[in-house]
There are 2 protein chains.
Amino acid sequence: MVPHLITALTGPINELEQRVLDSMPAIERWFRLEWMEHTPPFYSAVDVRNAGFKLAPVDTNLYPRGWNNLTTEMLPLAVQAAMAAIEKICPEARNLLMIPENGQPSSFYLANLAQLQRIFNMAGLNVRLGSIDPAVKKNITFELQNGDHVTLEPVIRNKRRLGLKDFDPCTILLNNDLSAGAPGILEEIYEQYLLPPLHAGWTTRRKSTHFKCYEEVSKRLGKLLGVDPWLIHPLFDRCENLTLGQDSGFDALQTQVDSVLTRVKRKYKEYGIKEKPFVVVKSDHGAHELGIVTVRDAKDLQTLQERIQTLNKGRKSPILPHDFMVQEGVLTQERVNDAVAEPVVYMMDRYVVGGFYRIHAGRGIDENLNAPGAGFVPLAFEHSAQLPQPGVKPGASVPNRFYMYGVVGRLAMLAASYELEATDPDAQDFE
Amino acid sequence: MVPHLITALTGPINELEQRVLDSMPAIERWFRLEWMEHTPPFYSAVDVRNAGFKLAPVDTNLYPRGWNNLTTEMLPLAVQAAMAAIEKICPEARNLLMIPENGQPSSFYLANLAQLQRIFNMAGLNVRLGSIDPAVKKNITFELQNGDHVTLEPVIRNKRRLGLKDFDPCTILLNNDLSAGAPGILEEIYEQYLLPPLHAGWTTRRKSTHFKCYEEVSKRLGKLLGVDPWLIHPLFDRCENLTLGQDSGFDALQTQVDSVLTRVKRKYKEYGIKEKPFVVVKSDHGAHELGIVTVRDAKDLQTLQERIQTLNKGRKSPILPHDFMVQEGVLTQERVNDAVAEPVVYMMDRYVVGGFYRIHAGRGIDENLNAPGAGFVPLAFEHSAQLPQPGVKPGASVPNRFYMYGVVGRLAMLAASYELEATDPDAQDFE
């Protein structure tokens with residue numbers, strides 16, 4: 001049973017929705033032209049937050065791991081998009097090797113792997129799972145709750161190719177975000193397609209680079225829609241090379257927090273928004289032991305300082321310098337029953353193929369929901385994001401709301417495409 | 001409410017289904033490679049008949065007019081496929097002009113037009129309907145049962161382009177099969193994309209050419225599956241330039257009927273099929289006043305002869321020589337309640353986007369169902385043809401059955417692609 005979803009169907013977001021709907025053919029054409037010049041990531045997922053007065057992406061994942069949360073009704077869209085993606089990248093492909101995350105897989109993650117395997121199998125590929133976890137020395141088969149089976153096999157690397165016993169794939173799909181660094185076993189693979197490319201991993205990626213690209217495309221879409229790009233874009237700043245253990249490091253962070261908060265406050269004032277502005281401090285790449293911290297005021301800053309001091313105490317080695325991003329916090333006004341919810345848009349190639357709500361009963365409207373907790377419940381989108389209902393009053397139609405989420409999701413995917421182009425180590429070879 | 005569908009889920013067709021499922025990745029790869037060399041028709045619909053022992057297309061329509069019969073759940077697939085099609089043909093497209101059939105539109109046909117307009121609008125185009133019917137001299141707006149409106153506008157032709165008042169399309173989509181001949185107003189349009197091309201109309205098309213191409217591709221798919229291509233292919237022969245009014249004409253037809261019947265009987269014997277074989281006589285292009293005639297035996301032949309004599313009587317002008325096709329009749333073993341049903345597979349670009357059952361309570365299992373009659377009821381496929389369930393016992397899964405229909409539908413579409421290449425009047429320009 002699908003619980004009643006209280007999407008924030010009122011408020012100023014409706015004006016944005018109306019603009020998006022009115023511009024639908026222009027938006028679709030704009031994306032179409034962009035994809036003539038830029039290559040979409042193979043697959044992606046974007047966390048979107050709807051504050052009731054603005055709608056913005058807060059995270060773009062290039063190794064989505066929640067495919068199991070899509071409904072069966074959405075799968076044909078994913079299969080069709082997978083067909084289109086394969087056709088463009090490697091039409092002659094026969095065998096696909098999927099590389100999952102290392103470590104003991106949770107039942108959710110196994111369901112995700114089974115779903116991906118199913119999608120690419122339906123799209124016409126033999127799909128097997130090869131683990132690059134050194135602990136996986138022989139085949140391991142897991143049984144899922146629905147009776148399906150998932151088998152992880154140890155990969156075999158020779159000088160030029162990566163494969164499995166009796167399985168020589170032409171394409172390798174990573175479902176492993178390489179946050180621990182790109183392992184040598186994946187390097188210097190020149191004869192096979194490696195998707196996404198290694199520089200899409202967190203060793204190379206920087207959130208601030210992504211949001212810089214997002215700022216650029218959101219300005220252009222904003223112009224097309226005739227709206228302030230801030231309505232779809234979270235303000236941010238980068239704090240480079242901060243040594244949090246030192247006072248100078250904390251001071252620099254505080255200055256940056258103040259700067260972003262001031263810009264956010266100015267925007268809130270411009271739009272007459274009564275909510276309390278806040279910013280989110282997060283590592284600019286991968287994860288940091290500090291975690292993701294919400295800062296609303298001086299009190300929160302003090303708490304942050306105490307937290308850093310605690311981290312510092314009792315350590316043998318000092319905290320190393322690290323890059324952070326200070327990002328405008330985007331409230332979420334979405335609720336499922338009483339729990340805070342944020343939509344996650346799933347894309348394959350250039351197409352939105354589905355999505356779900358991430359719901360966290362134990363978290364506040366200004367907190368990160370992508371956290372463990374008994375209250376995390378995925379709730380699949382009931383409708384496709386491709387079927388808006390023009391003519392319906394803004395805010396009165398869930399399909400129209402989903403369409404808008406899909407536009408913002410695709411905008412963040414486009415930003416990821418710009419980002420990957422800018423960070424491609426081989427790009428100069430073709431210039 | 002969807003009535004209970006009695007698909008023939010038993011019988012020798014199960015072996016074919018099993019082969020198709022087992023070969024799924026190979027089939028998908030084969031199609032992928034074919035589409036690298038050949039261009040799929042922009043859209044198409046294929047009538048498929050499931051005889052319980054064989055499954056074959058009997059008609060391939062390049063101007064499908066039943067889009068209204070697809071369910072809302074299937075629409076996102078059509079939108080996504082339309083996006084892919086437009087992106088390949090004319091990514092910069094902004095305005096699409098759709099040309100409907102001439103004459104007074106039925107409410108069904110209007111619903112079809114509204115659905116197509118919706119699909120292409122969602123795919124990012126401004127869509128308007130331009131009539132080439134000389135009777136349409138000013139805009140006419142029709143109201144549909146669901147409250148939607150469809151407006152037909154008279155087209156405006158200048159020397160180089162076709163358009164509407166204040167609407168200059170870059171792409172023109174025909175939903176008019178041109179069976180009355182390609183009108184001058186559509187000729188010599190070199191600056192705009194005309195889809196499908198004029199030679200896809202019935203002035204140029206020949207059913208026998210289509211089935212000749214189908215024979216070729218079905219042999220290749222048969223080889224891939226390791227099955228006799230006859231299991232997916234209806235035997236046929238062409239009777240060129242028959243003057244039915246003359247004894248010699250009828251004799252030639254009779255000889256051809258006997259020849260095809262003999263070949264069918266041989267196949268039935270080979271497979272131990274107890275059903276009574278039959279053939280269908282139809283015009284090789286467009287429609288003929290004789291209609292579509294089922295011939296089982298000498299008695300049917302005599303009835304056919306009498307019918308021709310009746311046609312001949314009281315005519316001022318003699319029946320002109322015409323080309324006919326004698327095609328192996330394919331029984332349909334599908335039923336919805338007690339009515340005979342045949343599946344129709346709908347495709348956009350290379351993708352199966354849905355389908356429905358054509359159900360005719362007043363017709364027999366060996367008769368053409370595409371005929372007017374109170375009993376004609378479309379019943380949308382409940383499941384996508386893209387989600388087979390491997391591992392399920394053959395014949396026990398409707399999605400698996402639909403997948404097989406989708407494969408045969410796409411095979412007929414591939415044949416249409418070969419056919420359009422072979423008949424392209426401009427092809428030599430590029431050689």
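# Chatting through a two-chain model

Student: Hi! What end-to-end span should the 14 residues of H2(B) have, and what do the C-alpha atoms give?

Tutor: At 1.5 Å a residue, H2(B) should span 20 Å, and its end C-alpha atoms are 20 Å apart, so the two agree. Keep in mind that this is a predicted model.

Student: Is H2(B) largely enclosed or largely open?

Tutor: Ten of its 14 residues are buried, so H2(B) is largely enclosed by the rest of the structure. Among those buried residues are Met24(B), Trp30(B), Phe31(B) and Trp35(B), along with charged ones including Glu28(B) and Arg32(B).

Student: What covers the buried residues of H2(B)?

Tutor: Both chains take part. From chain B the cover includes helices H1 (13-22), H5 (207-225) and H8 (398-423), while chain A brings helices H3 (75-89) and H4 (107-122) plus strand E5 (126-131).

Student: OK, on to the interface. How many residues does the contact take from chain B and chain A?

Tutor: There are 39 from chain B and 39 from chain A. The area buried between them is about 3500 Å², and carbon and sulfur atoms give 57% of that.

Student: And how many salt bridges are there between chain B and chain A?

Tutor: Two. In one of these, Glu87(B) pairs with Arg350(A), with the closest N and O atoms 2.6 Å apart. The interface also has 14 residue pairs in polar contact.

Student: Which elements of chain B each supply at least two residues of the side that touches chain A?

Tutor: Helices H2 (24-37), H3 (75-89) and H4 (107-122), together with strand E18 (351-360). H3(B) gives the largest share, ten residues. By class, that side of chain B has 23 nonpolar, seven polar and nine charged residues.

Student: Switching helices: how far does H6 of chain A reach from its first C-alpha to its last?

Tutor: H6(A), residues 247-270, reaches 34 Å, close to the 34 Å expected for its 24 residues. Its buried residues include Phe250(A), Leu253(A), Val257(A) and Leu261(A). The cover over them includes helix H7 (298-312) and strands E12 (236-242), E13 (279-283), E14 (293-295) and E15 (322-328) of chain A. Just after the helix, Gly272(A) takes a positive phi of about 65°.

Student: What about Ser283(B), buried or exposed?

Tutor: At 3% relative accessibility, Ser283(B) counts as buried, because the cut-off is under 20%. This serine is in strand E13 (279-283) of chain B, and its side chain makes a polar contact of 2.7 Å with the side chain of His322(B). Leaving aside neighbours within four places in sequence, Ser283(B) also touches residues including Lys207(B), His288(B) and Asp323(B).

Student: Any backbone oddities? Which peptide bond in chain A is cis?

Tutor: The one from Leu195(A) to Pro196(A), with omega near -20°. In chain B, a cis bond joins Leu195(B) and Pro196(B), with omega about -20°. Pro196(B) is in the loop between strand E11 (193-195) and H5 of that chain.

Student: And what is the phi of Asp166(B)?

Tutor: Near 60°, a positive value in a residue other than glycine. Most residues other than glycine have a negative phi. Asp166(B) is in the loop between strands E9 (162-163) and E10 (171-175) of chain B, and at 72% relative accessibility it counts as exposed. Leu178(B) has a positive phi too, near 55°, but at 3% relative accessibility Leu178(B) counts as buried.

Key:
Residues are numbered from 1 along each chain as its sequence is written. Chains are lettered from A and ligands numbered from 1 in the order in which they are written. This is a predicted model: local features need pLDDT of at least 70, side-chain atom pairs count only at pLDDT 80 or more; totals for chains, interfaces and linings use all residues. Side-chain values use heavy atoms; hydrogens and water are left out. Contact means heavy atoms within 4.5 Å. Buried area is the accessible area (1.4 Å probe) that two parts lose on being put together, summed over both. A salt bridge is a side-chain nitrogen of Lys or Arg within 4 Å of a carboxyl oxygen of Asp or Glu. A polar contact is a pair of N or O atoms within 3.5 Å; within protein, one must be able to donate a hydrogen and the other to accept it, and residues adjacent in sequence count only if both atoms are side-chain atoms. Helices (H or I, at least four residues) and strands (E, at least two) are DSSP runs, numbered from the N terminus. The expected span of a helix is 1.5 Å times one less than its number of residues. Buried means under 20% relative accessible area, exposed over 50%, partly exposed in between (1.4 Å probe, protein chains only).
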